[in-house]
Amino acid sequence: MREILLSPTFYEVLFFFYIYAFIGWISEVTVMSVLRRRFVNRGLLDLPILPEYGIEMIFILFALSVNQQTFFGFHIILCMIVVSIVTSISDFLFHRISGKELYWQDKRSIFTTRKEGIIFTVIVTAWLYILANVLHPLLYLFYGSFLQNTLTRVIMLIILVITLLDLVVIFYTIYRRKINHRGNLEQNLDNQKVSFGHRILNFINRRIAKNYPELILDSQDNTTIQDAKAPTFAKGLSLDKIIWIFLITGILGDIIETFYVFGTAHIWMRRSSIIFTPISIVWGLGGAILTVVLSRFAKKDDRYVFVAGFFFGGAYEYMCSVFTEVVYHVKYWDYSNMPFNIGGRTNLLFMFFWGILALVWIKLCYPYLSNLIEKIPYVAGKILTWICMVLFALDLTLSMMVMFRFNQRKIDPVSHNFVETYLDTNYPDQKIIELWPNISELSE
């Protein structure tokens with residue numbers, strides 16, 4: 001990602017502009033449709049894109065590329081400034097052309113000094129920064145490996161021409177209605193886009209009808225969704241509940257390990273399992289599996305929960321160590337110097353901790369956390385769950401590619417294709433050691 005816009009080609013910029021303009025459109029449509037409970041097309045154009053997001057991401061990627069060594073806070077401030085400037089210019093141009101304010105124009109920039117503008121800027125900045133660091137490396141690899149060809153360039157040019165024509169038609173229509181009708185501009189634009197919106201809405205309704213028939217609108221009296229109580233999000237021990245348990249325990253595990261190392265070794269050591277997300281996969285999977293396995297012991301005596309957690313924790317930690325050695329050929333932890341260790345992969349002391357942790361988790365923490373998760377609004381919870389899992393999957397995929405290349409370089413340090421060149425440039429051995437400081441090579 002760091003080299004993508006230092007010397008970009010026109011087609012690279014065009015490709016990523018449209019990708020992020022489309023992602024921005026999806027993001028705003030999703031949020032506003034959930035808030036208003038109807039399809040809301042946030043784009044000005046008939047095309048499913050929001051150009052300002054594409055422009056913001058191009059500038060952000062360039063800023064991150066030329067300022068690699070600066071501290072995290074500077075990057076965030078820089079991204080917030082970019083978002084505010086592009087948003088303000090976009091709103092200003094639209095206002096000058098149409099004479100109208102559109103979509104909360106006075107609330108979308110940090111320069112307004114209003115609370116809404118600050119919140120909007122922070123949310124958009126955080127979302128774009130996550131995309132730049134998690135999604136973009138994989139998009140860059142995909143583009144470099146498969147899309148650097150004539151067909152892609154022709155398609156990009158065709159889309160560009162369609163965009164320009166759409167832009168001309170929209171602004172011509174705005175100008176005519178501004179002169180002749182002086183009506184509600186936003187309503188007029190919504191009328192233009194209604195056919196496109198209906199196609200999307202009909203598709204969504206068909207999906208809802210298939211998966212959630214109890215939520216279908218009553219076609220006879222045209223009422224809203226049933227008056228019955230809205231469905232509970234992640235009710236019981238469902239897949240959504242397990243996903244949230246995995247994320248929460250993984251993040252808590254990362255924090256606990258970080259402070260444990262600091263308390264014992266007096267150093268701050270990064271303990272995250274993957275590159276960008278502050279999460280320990282071992283703790284996350286342990287929390288999820290522990291919840292599923294031990295939930296049946298929730299009403300039993302404490303000693304049964306402790307014993308089950310004692311043996312489960314030891315077996316789980318042992319298997320995780322074996323897995324990382326077999327798959328990645330590296331050791332993430334080694335307890336050989338501790339008493340009562342089992343092959344250096346676990347030990348009785350940590351198994352005792354697993355038993356205590358299981359008891360505290362099942363009896364105290366999980367019931368409270370489960371109720372808290374179920375209070376999330378149903379639709380918002382579903383959307384947020386999928387967003388989190390997609391970002392996690394992208395981060396995990398990149399991390400696995402980096403680790404495989406790290407091991408491959410020991411045998412063949414020369415890169416032979418675009419992907420290997422990218423990984424060698426952005427994630428050399430020194431970078432790997434910084435990401436996973438406790439990593440140690442297996443002896444041959």
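**Note on the predicted model: salt bridges, a helix contact and local confidence**

1. Aspartate 240 is buried, since its relative accessible area is 11% and the cut-off for that class is under 20%. This residue belongs to a predicted model, and the remarks below should be read with that in mind. The side chain of aspartate 240 meets that of lysine 382 in a salt bridge, with 2.8 Å between N and O. The pair joins distant parts of the chain: aspartate 240 lies in helix H8 and lysine 382 in helix H12 (residues 378–411), 142 residues apart. Lysine 382 has a relative accessibility of 22% and is therefore classed as partly exposed. The bridge thus pairs a buried carboxylate residue with a partly exposed lysine.

2. How confident is the predictor in the chain as a whole? The average pLDDT is 77, and 74% of the residues score at least 70. Confidence is highest in helix H8 (residues 239–265), with a mean of 89. Aspartate 240 is placed in this helix. The lowest confidence falls in strand E4 (residues 440–441), where the mean is 51. Residues 210–228 call for separate attention, as pLDDT remains under 50 throughout this stretch. For these residues the model has 13 contacts beyond four places in sequence.

3. The overall make-up of the chain is 14 helices and 4 strands. Of its 444 residues, 40% are buried. Where contacts join residues at least 6 apart in sequence, 72% of them link residues at least 24 apart.

4. The salt bridges in the model come to 9. One of them connects lysine 363 and aspartate 302, whose side chains meet at 3.9 Å, N to O. This pair also links distant parts of the chain, with lysine 363 in helix H11 (residues 348–374) and aspartate 302 in helix H10 (residues 302–328), 61 residues apart. Are these two residues buried, partly exposed or exposed? Lysine 363, at 27% relative accessibility, counts as partly exposed. Aspartate 302, with a relative accessible area of 41%, is likewise partly exposed.

5. Another salt bridge is formed by arginine 303 and aspartate 301, and their closest N and O atoms are 3.0 Å apart. Arginine 303 has a relative accessible area of 52%; because this is over 50%, the residue counts as exposed. Aspartate 301 is partly exposed, at 38% relative accessibility.

6. Which residues are linked in a network of salt bridges? They are Arg405, Arg409, Glu420, Asp424 and Asp429. Within this network, glutamate 420 is located in helix H13. Its relative accessibility is 11%, so glutamate 420 counts as buried. Leaving aside residues up to four places away in sequence, glutamate 420 touches Arg405, Gln408, Val414 and Ser415. Arg405 is thus both a contact of glutamate 420 and a member of the network.

7. Helix H13 (residues 418–426) also meets helix H4 (residues 115–147): their axes come within 9 Å and cross at roughly 145 degrees. The crossing is right-handed. On the H4 side the contact involves Pro137, Tyr140, Leu141, Gly144 and Ser145, and on the H13 side Phe418, Val419 and Tyr422. These residues divide into 6 nonpolar and 2 polar, with no charged residue. Glutamate 420, although placed in H13, is not listed among the residues of this helix that meet H4.

8. Two residues deserve inspection of their backbone. Most residues other than glycine have a negative phi. Alanine 234, however, has a positive phi, near 55 degrees. The residue is situated in the loop between helix H7 (194–211) and H8. Is alanine 234 buried or exposed? Its relative accessible area is 4%, which means that alanine 234 is buried.

9. The second case is phenylalanine 340, with a positive phi near 60 degrees. Phenylalanine 340 occurs in the loop between strand E1 (330–331) and strand E2 (341–342). At 62% relative accessibility, this residue counts as exposed. The two positive-phi residues therefore fall into opposite classes, alanine 234 being buried and phenylalanine 340 exposed.

How values were computed. Residues numbered from 1 in each chain as written. Predicted model: local features only at pLDDT ≥ 70, side-chain atom pairs only at ≥ 80, totals over all residues. Heavy atoms only, no water. pLDDT = per-residue confidence, 0-100. Helix = DSSP H or I, 4+ residues; strand = E, 2+ residues; numbered from the N terminus. Contact = heavy atoms within 4.5 Å. Axes fitted to C-alpha atoms, helices over the stretch in contact; angles between N-to-C directions. Left-handed = near helix turned anticlockwise from the far one by under 90°. Nonpolar A, V, L, I, M, F, W, Y, C, P; charged D, E, K, R; others polar. Salt bridge = Lys/Arg side-chain N within 4 Å of Asp/Glu carboxyl O. Buried < 20%, exposed > 50% of the residue type's maximum accessible area, 1.4 Å probe, protein only.
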